[in-house]
Structure formats: structure tokens, C-alpha cells
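Student: Could you take me on a close look at one part of this model? I would like to follow a single strand and see what surrounds it.

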Amino acid sequence: MSDDGTTRGRFLTLSSVGLGSVIGGVIGVPATAYILAPVTEEITFKPVSVGKTSTFTGEKGFAPTAVTFVEDPTSPATSVQLAYVHYTGKSNTDWLAPDAMFVVFSNHCTHMGCPVLATSLGFGCPCHGSQFNQEGARIAGPAVRALDRFQWKVQKGELILTNKWSTDFQNGKLEYFPVKNPGQPVDVFGSTLLADILYPHVTYTHGPVPKEQS
Ligand code: FES
């Protein structure tokens, strides 16, 4: 297995449900740990289907559907991921459009990576109490940014995840960023440049950072 696969495998293990018992007493933002962590090699997100769009369009209110998928087909045992698909009730299949059909959230809490749980109000993390609203914005707890989101497309009636981005709300506007690890903010004292210097780990190769359409 590659170094990259090993790193991601370890990350996924830490992200699993057992993490709460291991780190239950650790409340502080783990910035130092991530600064000291080895630099993570970039990986390329491989497009993956999470099922027919009709699987998700029955959602009423805010009740995102949990889907699992294998991120790295060469390491299926260690790269199972979970995402939450929220059907907005709209119909645009352009994922950046204001009336986009879906929003697909990562289930990794942006504090230390515990799996968040969907509620009717948004998402909650059982480890240290971080709360996120229905847009994935942090509203309480030690998480350092909004939930990551998956880029997606619809192809032959299937919902395909095509990339992953970190997000945050800056002046109330959703902004996308290259993926950072849990514990890594996208800005420090209002500076994204300072955040990139202090927390340089980018885990996915990417093209231009997307901008939400207005
Ligand atoms: S991992 Fe600590 S609040 Fe989620």
C-alpha cells in the first residue's frame, strides 16, 4: 500500500465511531497536532456513483440520506466513506447553481473528524458537541469550519460524486477551498493566506476553486 493509502486509511480509522472513546477528553482545537503531522500527499478524487437520483428525491424537509461509497477502488477495505445527500426539492443539475437539486455533505466533523449525525436541524457531532446548520455551517462547538462538501453531477440518472471541497461561510457567503483536514481552519484572523501557510495540507488535487453562482 502506498504512503498515501496508509495515511488515508489511518484517517478513516480515526474517523470511525471508535474515535469518541479515544479522544473524549480532548476538547481543545487540535491545531498543533495537525501542524506537526506529516504532510499528506495529494490524491485525485475518483468519480463515484452513489445511486440513482430517484433514491434521494423523496426527501421531505431536511432529512439527508446517508450513502457509503468506496473512494479508492484499489483499497476498498480502508477507503469506505460516508456522505449525506440532501435533496433541495429543486431541479437544477448544476451543482453550483442557487437552485441545485442536491447538496452533498461530508460526514467528517471539522474538529477532529468524528462522524456527524444528521438531525432535522442540521448535523451534530457526538464527540465534543459541534453543531452545524442545514447548510453545514458551524453554529456551535469546537469545529473550526463548515462541513466539507462533494462536487457532483447527474449522469444517466445516477448521482456521481466528482470531487470534494472544504467550505466556509465568509460574510454570509458560501466559499469553497481546497480540502483541509479536520482541525484546520480555512482562515486565520480573517486571512486565508495565513491559514494556508499555517495549515498547508491539501489532500486532493484540484483545478480552479469553484464559486457558487448568485
Ligand atoms: S470531533 Fe470534536 S466536535 Fe466533532
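**Around one hairpin and its strands**

Tutor: Happy to! Let's start in the hairpin of E9 and E10, where 2 residues sit between the strands and lysine 156 takes a positive phi near 50°. Keep in mind that this is a predicted model.

That phi is worth a pause, as lysine 156 is a residue other than glycine with a positive value. In general, most residues other than glycine have a negative phi. Lysine 156 lies in the loop between E9 and E10. Is this residue buried or exposed? Lysine 156 has 8 other C-beta atoms within 10 Å, and a residue counts as exposed at 12 or fewer, so lysine 156 is exposed.

Now step from the turn into the two strands. E9 and E10 run antiparallel and are joined by 7 bridges. One pair to find on your screen is valine 154, which stands opposite leucine 159 in E10. As background, strands of a sheet pair through backbone hydrogen bonds, either parallel or antiparallel.

E10 has further partners. Strand E1, residues 48–52, pairs with E10 in the antiparallel sense over 3 bridges. Here valine 48 has leucine 161 of E10 as its bridge partner. E10 also runs antiparallel to strand E11, residues 173–177, and 5 bridges join them. In that pairing, glutamine 170 stands opposite lysine 173 in E11. E10 and E11 form a hairpin too, with 2 residues between them, and asparagine 171 in its turn has a positive phi of about 55°.

Follow the chain past E11 and you reach phenylalanine 189, in the loop between E11 and helix H4 (192–198). Phenylalanine 189 is not a glycine, yet its phi is positive, at about 50°. What is its setting, buried or exposed? With 7 other C-beta atoms within 10 Å, phenylalanine 189 is exposed.

Let's turn back to E9 and E10 and look at what they contribute to the interior. The largest nonpolar core has 28 residues, and those that touch the most other members are Ala83, Val85, Phe102, Val104, Cys109 and Trp152. At least two residues of this core come from each of strand E3 (80–87), strand E4 (102–106), strand E9 (149–155) and strand E10 (158–170). In soluble globular proteins, nonpolar side chains tend to be buried together.

Phenylalanine 102 is a good place to zoom in. Leaving aside residues up to four places away in sequence, phenylalanine 102 touches Phe56, Val85, His86, Tyr87, Thr88, Trp152 and Leu159. You have already met Leu159, the residue that valine 154 stands opposite. Apart from the largest core lies another, with 8 residues, including Trp165, Tyr176, Tyr199 and Val202.

Finally, zoom out to the whole chain. The chain contains 4 helices and 11 strands, and 34% of its 214 residues count as buried. Among contacts between residues at least 6 apart in sequence, 51% join residues at least 24 apart. Elsewhere in the chain, 4 strands form an open, antiparallel sheet in the order E5-E6-E7-E8. Strand E5 (117–118) and strand E8 (138–140) stand at its edges with a single partner strand each, so one side of each is left without a neighbour in the sheet. The partner of E8 is strand E7, residues 131–132, joined to E8 by 2 bridges; there, glutamine 131 has alanine 140 as its bridge partner.

Methods
Residues are numbered from 1 along each chain as its sequence is written. This is a predicted model: local features need pLDDT of at least 70, side-chain atom pairs count only at pLDDT 80 or more; totals for chains, interfaces and linings use all residues. A nonpolar core is a set of buried Ala, Val, Leu, Ile, Met, Phe, Trp, Tyr and Cys residues joined through C-beta atoms within 7 Å. A residue is buried if 20 or more other C-beta atoms lie within 10 Å of its own, exposed if 12 or fewer, and partly exposed in between; C-beta atoms are placed from the backbone. Two residues are in contact if their C-beta atoms, placed from the backbone, lie within 7 Å. Two strands pair if DSSP finds at least two bridges between them.
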